[in-house]
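Got the structure open in your viewer? Let's walk through it one selection at a time.

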Amino acid sequence: MNYTLQFGQVIDRLPYLAGGAWLSLLLATLAFFGGMIIGVFGAMAKLFGGRILAGIANIYVVFFTNTPALVQVYFLYFALPSFGIILPPFEAVLIGLTLNSGAYLTEIQRAGFLSIHRNEVEAAETIGLSQMQSVWYVIVPHIVRTLYPSLSNQYILITLGTSMAAIFGVEELTGRALSLNAETFRSIEIFVITAGLYIAITLVANVLLVFLGRYYFRARMRLF
Amino acid sequence: MDFLGIENLKARYGEHVVLNDISMTVEKGEIVSLIGPSGSGKSSLLRALVGLLPVESGEVRLNGEIINYRDKQAVKRLRDRLAIVFQQYNLFQNMDVLRNVMLAPMKVKGWPREECEREATALLEKVGLGAKLHVYPDQLSGGQQQRVALARALALRPEILLLDEVTSALDPELVNEVLDSIRLLASEGMTMIIVSHEMAFVREVSSRVSMMAAGSIVEIGTPDEIFQNPKHERARDFVGKILHR
Amino acid sequence: MHSIFGQLPRFLSYYNLEFILQAALTTLLLSISGCVFGFIFGFGIAVLRETTGPLWLPLRAAAVLFVEIFRRIPFLVTLFLVFYACQALNLDISVFAVAVASTCIIGAAFLSEVVRTGFDAIPSQEREAAAAMNFTLAQTLFLIVIPQAWRVILPPTFAFFLSFIKDSALASQLGVVELTYSAKVMNNKGFSPVLGFGAALILYFAISYPLARFGLYLEQRLGFSRYRKP
């Protein structure tokens, strides 16, 4: 073993890497909320959409959950220009990740709708709530509460998934790690620090999500 | 010397003191019943005795040996001689009745398989389940499951049997079949500590009754003393309530 | 558009097809071996976390640390970490081995949690009964807990394997010649990216979809009752 670890050079560039971590979180947040919107429509279509809409939503989910996100973005980035659509790297990654998470979130939200019991809705009606009111005060809170743990889990997974943006030259955390590697060749140090930053951001996100979940949605979650 | 001696036993669950200075003795062949309102520490005492509830201070002696609950080997030796039956039966769901009973003698004691099987079969016949040897627990009634649990505890040939509210989870019509099995053991001279809400049964079978409240023993005496002439006000109160139910 | 169809016959030559299918096989091999080793290690970690007493404390802490660290690092970063660590240690192993090792690490971290959840699904009273009868931890786990918990453990383990078939695409970055890498090779050969990446998408789907259906069947088959039926 003739490799000596030298963290100094990498520590000096910590702000640069941290800036990348911000972009990772931004990317993850956009993809998550984009995916949530797709998921609402996807779940609605699968549950109440009738044959055709449900079929389309089903094909979308089955296709995107059974192929790698990386290859989906490759396709968007390299193959769409053949059809005259040219996407810059960031947009290609964002659209790919959003479509991908939308498919998973469709399934999660569908499970949430299905968890509502008929008698809960009836109970809401018997105490005199209108249909709108029972949706807003009974059904939505119920869905949020039951889905919250799997949704926050999905958010963490999406955050980890954004690292593939580096492959397309996006300067998020992994992308900046690769740039720094080409510049300094302190590979191990760089990736150890990068891993540490991923641990830090997902841990912070996790803690925030658990607190939010416990106090706002009374969701049952454990941190470890 | 007393067979089992408990002295100033103390245990807490977080901030809550569940056992507060418990002292009592059990002689060989004696049946001591613990009664008292829910949360008075009856079950906690049994759990502490077998080392399932951490003991904070105090002393337990079995046949002269002082048990140090921090010493894993000592707890192991103790558990070799005590057996406990739980309210919820706690049978192993992944094996049939016979295997539930013979598993511990075979795997823990290392006794020969044929002997274990013979003894398990005999015990199951004794509790009236000779026809159910190869049935799984989830196909039995609560009363039957509890009788299997009794046989399972006996298969280890314990010197003292601890019964933790063994009939409380049962439907009323199933209580008697379990009590009958316990009566049978009593007639054979088994040493037992019983936690129960079946007062008529407690009165009939116990050598002594110990009345507990808020983690302490309030009064201890013969069934007649406790039920007909309780000295302590709290005991009078409790007995009054249960007799007028 | 026209040129894509024009390329199709040349794209589907025997040599190209053999290359792509070989790559698909590598994808499958990588996922299977990584997940099998990952499960073995993950299982060990889960058992370690069940131990009690101060003697095992250091190992228990190490297990928790390992899981909490590697569940929070992207697979791509783990791949680079393992790759450069091997380089620094002058270990002469193939990129395929690096990818298997990385899968194994991530798999151990995630699957240990799956196994632990399975252990937790068995009522604690059954374990208490076992403890009161002097069963050792190993006896309790192997005679009572695992015979019941495997039904809870198997479906999510299979789901993890499925997700890893897709995540293994990232191994193409190290130069592992798996399905995604083959698509890039076809792209570099001058074929339309629609064909190269399209073929990869179709093959991933062809591998993943039947397995996903099987996973669903497993879940339904095992999900209802944890008890053994006669």
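Start by selecting Leu174(C) and showing what surrounds it. Leaving out neighbours within four places in sequence, Leu174(C) is in contact (heavy atoms within 4.5 Å) with Leu79(C), Phe80(C), Phe83(C), Val95(C) and Val98(C). You'll find Leu174(C) in the loop between α7 (137–167) and α8 of chain C; helices here are DSSP runs of H or I, at least four residues, and strands are runs of E, at least two, numbered from the N terminus. Is Leu174(C) buried or exposed? It's buried, because its relative accessible area is 13%, and buried means under 20%, exposed over 50%, and partly exposed in between (1.4 Å probe, protein chains only). Now add Asn188(C): it sits 14 residues from Leu174(C) in sequence, and the two C-alpha atoms are 17 Å apart in space.

Before going on, a word on what you're looking at. This is a predicted model, where local features need pLDDT of at least 70 and side-chain atom pairs count only at pLDDT 80 or more, while totals for chains, interfaces and linings use all residues. Residues are numbered from 1 along each chain as its sequence is written, chains are lettered from A and ligands numbered from 1 in the order in which they are written, and side-chain values use heavy atoms, with hydrogens and water left out.

Next, colour chain C by pLDDT, the predictor's confidence in each residue, from 0 to 100. Chain C averages 90, and 96% of its residues score at least 70. Confidence in chain C is lowest in helix α1 (residues 2–11), with a mean of 77, and highest in α5(C), at 95. Then select residues 225–230 of chain C, where the pLDDT is below 50. For the model itself, the scores are ipTM 0.89 and pTM 0.87.

Now show all the chains. Which pair has the most contacts among the two pairs that touch? That's chains A and C. Chain A and chain B do not touch, and their nearest C-alpha atoms are 20 Å apart.

Zoom in on A and C. Chain C brings 42 residues to the contact and chain A brings 40. About 3,500 Å² is buried between them, 74% of it from carbon and sulfur atoms; buried area is the accessible area (1.4 Å probe) that two parts lose on being put together, summed over both. Select Arg72(C), Tyr84(C) and Leu201(C): they lose the most area to chain A on the chain C side, together 20% of what that side buries. How many salt bridges does the rule find here? Zero, a salt bridge being a side-chain nitrogen of Lys or Arg within 4 Å of a carboxyl oxygen of Asp or Glu.

Last stop: chains B and C. Here 24 residues of chain B meet 22 residues of chain C, burying about 2,200 Å², with 60% on carbon and sulfur atoms. Highlight Phe92(B), Gln93(B) and Asn94(B), which supply 24% of the area that chain B buries against chain C, more than any other three residues. This interface has one salt bridge. To see it, pick Glu128(C) and Arg47(B), whose closest N and O atoms are 2.6 Å apart. Finally, look along α2 (72–81) and α3 (97–109) of chain B, the elements that give two or more residues to the side touching chain C. α3(B) gives the most, with five residues.
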